[in-house]
Amino acid sequence: MTIVPSGAATPATTPAEQGVGPLLRAWRVQRRVSQLELALRADSSARHISFIETGRSRPSEEMVLRLAEHLEVPVRERNALLLAAGYAPRYPETPLDDPALDAVRAGMEQLIQGYEPYPALVVDAMYNVHAANRGVLMLLDGIPEHLLAPPLNAMRLTLHPEGLAPRIRNLREWRGHLLAQMDRQIALHRSEPLRRLYEEVAAYPVPDEASDAEPAEPVPYFALPMQVEHEGRVLSFISSISTFNTPMDVTVAELAIETLLPADPATVKYLQSLMS
């Protein structure tokens, strides 16, 4: 398994020329928080919050960061807020192949390799794949080369009609789950590149055979599974996503490790037989 650069555009941020006040107000409205509620959270006053939003008061660097924290503003956009307020960015954006992130890369490699024979991969905020284990490569067997060319994108691989889509037995249901997940991320990050990716994959045609027929007997799944065919067998997986706590770097903040947990004993037995 190798960490590879994605080469993808980073999520867009709002220009600093708009001023920090309108930007903070936009985040507050998006989070559905009143000026009074935000003031109580940030140990300030509604009057001061109002003055900041209208430009009558320039917030301190500490206040910008405090408000961003309580509004759950992503790290990349916190830098944009600081720039708009006239301060230097606080959070660096270190290339993933930089020696400074050796420990991060090594830790992720150990995690996804240790998860074998089950699939696991590392993606960024644009769902570009930076690393994958042998379980993922097994699922991608037979995918056309043009979909596997860098930057490898998990959403394109899954929903493209020449990708995994024809193999996913419950495609309509799983597709709806993925598009809803992307929609939530767009609301969180306000990313135009992510919205363009969403529009692209949402426009992919759904194969006629993707009927999502109900099984003869209900299966007591504890979460929505992805049911994918592999060499004549139907494998079922539950997706789990992990991120870093309190990241201080934009690159690290936007990384996520997705693991596919087998959803039934047959999938466990089959994957273990492949890796034995």
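## The S3–S4 hairpin

Strands S3 and S4 form a hairpin in which two residues lie between the strands. In the turn, Glu231 has a positive phi of about 50°. This description, like everything that follows, refers to a predicted model.

Strand S4 covers residues 233-243, and five bridges join S3 to S4 in an antiparallel arrangement. Within this pairing, Gln227 has Ser236 of S4 as its bridge partner.

## The sheet as a whole

The hairpin belongs to an open sheet of five strands, arranged in the order S2-S1-S5-S4-S3 with antiparallel pairing. The edges are formed by strand S2 (129-132) and strand S3 (226-230), each of which pairs on one side only. From one strand to the next, the twist averages 30°.

Beyond the hairpin, S4 pairs with S5 in the antiparallel sense through seven bridges. Thr243 stands opposite Ala256 in S5. Strand S5 (residues 256-262) also pairs with strand S1 (residues 120-123), again in the antiparallel sense, over four bridges. One of the residues involved is Ala120, whose bridge partner in S5 is Thr259. Helix H6 (residues 102-114) packs on the sheet and touches S1, S2 and S5. The direction of helix H6 makes about 150° with that of S1.

## Nonpolar cores

The largest nonpolar core contains 50 residues, and Val201, Leu235 and Phe237 have the most contacts inside it. Helix H10 (residues 171-189) contributes the largest share of this core, with six residues. In soluble globular proteins, nonpolar side chains tend to be buried together.

Which residues does Phe237 touch, leaving aside those up to four places away in sequence? Its contacts include Leu224, Pro225, Met226 and Val228, together with Leu260, Leu261, Pro262 and Ala263. Pro119, Leu139, Thr267 and Leu271 are also among the residues that Phe237 touches. A second, separate core has 25 residues, including Met63, Leu81, Ala84 and Ala85.

## Leu83 in helix H5

Leu83 is found in helix H5, which spans residues 75-84. Is Leu83 buried, partly exposed or exposed? Its relative accessible area is 46%, and buried means under 20% whereas exposed means over 50%; Leu83 is therefore partly exposed. The C-alpha atom of Leu83 is separated by 8.7 Å from that of Gly19, although the two residues are 64 residues apart along the chain.

## Overall composition

The protein has 276 residues, of which 46% count as buried. Its secondary structure comprises 13 helices and five strands. Among contacts with a separation of 6 or more, 63% are between residues 24 or more positions apart. The protein exposes about 14,300 Å², and carbon and sulfur atoms supply 52% of this area.

## Confidence of the prediction

The average pLDDT of the protein is 89, and 88% of the residues score at least 70. Two stretches have low values. Over residues 1-16 the pLDDT stays under 50, and the model has 45 contacts beyond four places in sequence for this segment. Residues 213-217 also have a pLDDT below 50, but this stretch has zero contacts in the model beyond near neighbours in sequence. Where pLDDT is low, the predicted coordinates should not be read in detail.

How values were computed. Residues are numbered from 1 along each chain as its sequence is written. This is a predicted model: local features need pLDDT of at least 70, side-chain atom pairs count only at pLDDT 80 or more; totals for chains, interfaces and linings use all residues. Side-chain values use heavy atoms; hydrogens and water are left out. Two strands pair if DSSP finds at least two bridges between them. Axes are lines fitted to C-alpha atoms, for helices over the stretch in contact, and angles run from 0 to 180 degrees between N-to-C directions. Contact means heavy atoms within 4.5 Å. pLDDT is the predictor's confidence in each residue, from 0 to 100. A nonpolar core is a set of buried Ala, Val, Leu, Ile, Met, Phe, Trp, Tyr and Cys residues joined through side-chain atoms within 4.5 Å. Buried means under 20% relative accessible area, exposed over 50%, partly exposed in between (1.4 Å probe, protein chains only). Accessible areas come from the Shrake-Rupley method with a 1.4 Å probe; for residues, only the protein chains shown count as cover.
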